[in-house]
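This briefing walks through one protein model for a reader at the bench. Please keep the sequence and the structure in view while reading.

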Amino acid sequence: MVKKMAKFFAYTLFFAFALVAFSPKSSVYYFGEQELKKFGVVISNESLQESTLSLNIKNLYITLKEIDSAVIKEVDITLLFVYNSIHLEEIELSSLVESYLPSKVDSLDIHYTIFNPLHITAEALGQFGEATINVSIADRNATLSLKPSKKMFASYKKTLKMMKKYENGEYVYAKTF
């Protein structure tokens, strides 16, 4: 009985690994790109490189409703079904953002797991400081916690006034959607 259970779990793990390893990650990416076009988001000039567990994309130019919005040097997407993550590096936002916050983002990590399916978390690091983003799909709200940099204090006081300041020095912005 124990041998049968061990075989069952071994075959199940092998099947799950094979499903992840041989899934067409670039097809999933192109499907997502088509779905984003419905909202006016166009991604162009990218180059894809598929590996066993992840998809690496380089040099993305993103336009939102025909306005150049961002340039991303590198994106690494890991789809493991149980745990999914997206890692973005060297993001240069449009100059339109400069009046609210610095346009350079060094890295952005987005995480999603099926063990907590109604929450998406993200961490960002850039000229603005360190940010943690939590999105609750069930409650339909998003919370941004920011540990601002000296540049934020010096040049973007108006943006910080829109946030609630806590005693530990963090600034929090919450929004429902």
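How many residues does H2 have, and how far does H2 reach from its first C-alpha to its last? In this predicted model, H2 has 13 residues and reaches 19 Å from its first C-alpha to its last, which is close to the 18 Å expected at 1.5 Å a residue. The protein as a whole has 177 residues, of which 29% count as buried, and its secondary structure comes to 4 helices and 11 strands.

**Overall dimensions and contacts**

- The C-alpha trace of the protein spans about 65 × 40 × 25 Å when it is taken along its principal axes.
- Among the contacts in the protein with a separation of 6 or more, 30% are accounted for by residues 24 or more positions apart.

**Helix H1**

- Helix H1 covers residues 2-21, and because 20 residues at 1.5 Å a residue should span 28 Å, the 28 Å between its end C-alpha atoms agrees with expectation.
- The buried residues of H1 are Ala18, Val20 and Ala21; seen down the axis of H1, these buried residues fall within an arc of 160°, so they line one face of the helix.
- Lys4, Phe8, Tyr11 and Phe15 are exposed on the other side of H1.
- The cover over the buried residues of H1 includes helix H2, residues 25-37, and strand E4, residues 67-79.

**Helix H2**

- Within H2, the residues Lys25, Tyr29 and Glu33 are buried; seen down the axis of H2, its buried residues fall within an arc of 80°, so they line one face of the helix.
- Phe31 and Gln34, on the other side of H2, are exposed.
- What covers the buried residues of H2 includes H1 together with strand E1 (41-44), strand E2 (47-50) and strand E3 (54-64).
- H2 also contributes to a pocket, since it gives 7 residues to the lining of the largest pocket, and this is the largest share of that lining.

**The largest pocket**

- About 1400 Å³ of space lies in the largest pocket, and 46 residues line this pocket.
- Which residues of the lining lie nearest the centre of the largest pocket? They are Ile91, Leu93, Leu108, Ile110 and Ile133.
- By class, the lining of the largest pocket divides into 38 nonpolar, 5 polar and 3 charged residues.

**The second largest pocket**

- The second largest pocket holds about 220 Å³ of space, and its lining consists of Ile77, Thr78, Leu79, Asn84, Ser85, Ile86, Ile110, His111, Tyr112 and Ile120.
- Two or more residues of this lining come from each of E4, strand E5 (83-93) and strand E6 (104-113).
- The lining of the second largest pocket has 6 nonpolar and 4 polar residues, with no charged residues.
- Ile110 appears in both descriptions, as it is one of the residues nearest the centre of the largest pocket and is also listed in the lining of the second largest pocket.

**Ser103, between E5 and E6**

- Ser103 is found in the loop between E5 and E6, and because its relative accessibility is 6%, Ser103 counts as buried, the cut-off for that class being under 20%.
- Although Ser103 and Glu92 are 11 residues apart along the chain, their C-alpha atoms are separated by 5.8 Å.
- When its neighbours within four places in sequence are left aside, Ser103 is in contact with Ile91, Glu92, Leu93, Ser94 and Glu98; of these, Ile91 and Leu93 are also among the residues that lie nearest the centre of the largest pocket.

**Loop residues with positive phi**

- Lys65 lies in the loop between E3 and E4, and its phi is near 50°, a positive value in a residue other than glycine.
- Is Lys65 buried or exposed? Lys65 is exposed, with a relative accessible area of 61%, where the cut-off for exposed is over 50%.
- Phe81 lies in the loop between E4 and E5, and its phi, near 65°, is likewise a positive value in a residue other than glycine.
- At 43% relative accessibility, Phe81 counts as partly exposed, because that class lies between the buried and exposed cut-offs of 20% and 50%.

Notes: Residues are numbered from 1 along each chain as its sequence is written. This is a predicted model: local features need pLDDT of at least 70, side-chain atom pairs count only at pLDDT 80 or more; totals for chains, interfaces and linings use all residues. Side-chain values use heavy atoms; hydrogens and water are left out. The expected span of a helix is 1.5 Å times one less than its number of residues. Buried means under 20% relative accessible area, exposed over 50%, partly exposed in between (1.4 Å probe, protein chains only). The arc is that of the directions from the helix axis to the C-beta atoms. Contact means heavy atoms within 4.5 Å. On a 1 Å grid over the protein atoms alone, a cavity is a set of points where a 1.4 Å probe fits but cannot get out, and a pocket is an open set with protein on both sides within 12 Å along at least five of seven lines; lining residues have an atom within 4 Å of a point. Grid points are joined across faces, edges and corners, and a volume is the space filled by probe spheres set on the points. Ala, Val, Leu, Ile, Met, Phe, Trp, Tyr, Cys and Pro count as nonpolar, Asp, Glu, Lys and Arg as charged, and the others, Gly among them, as polar.
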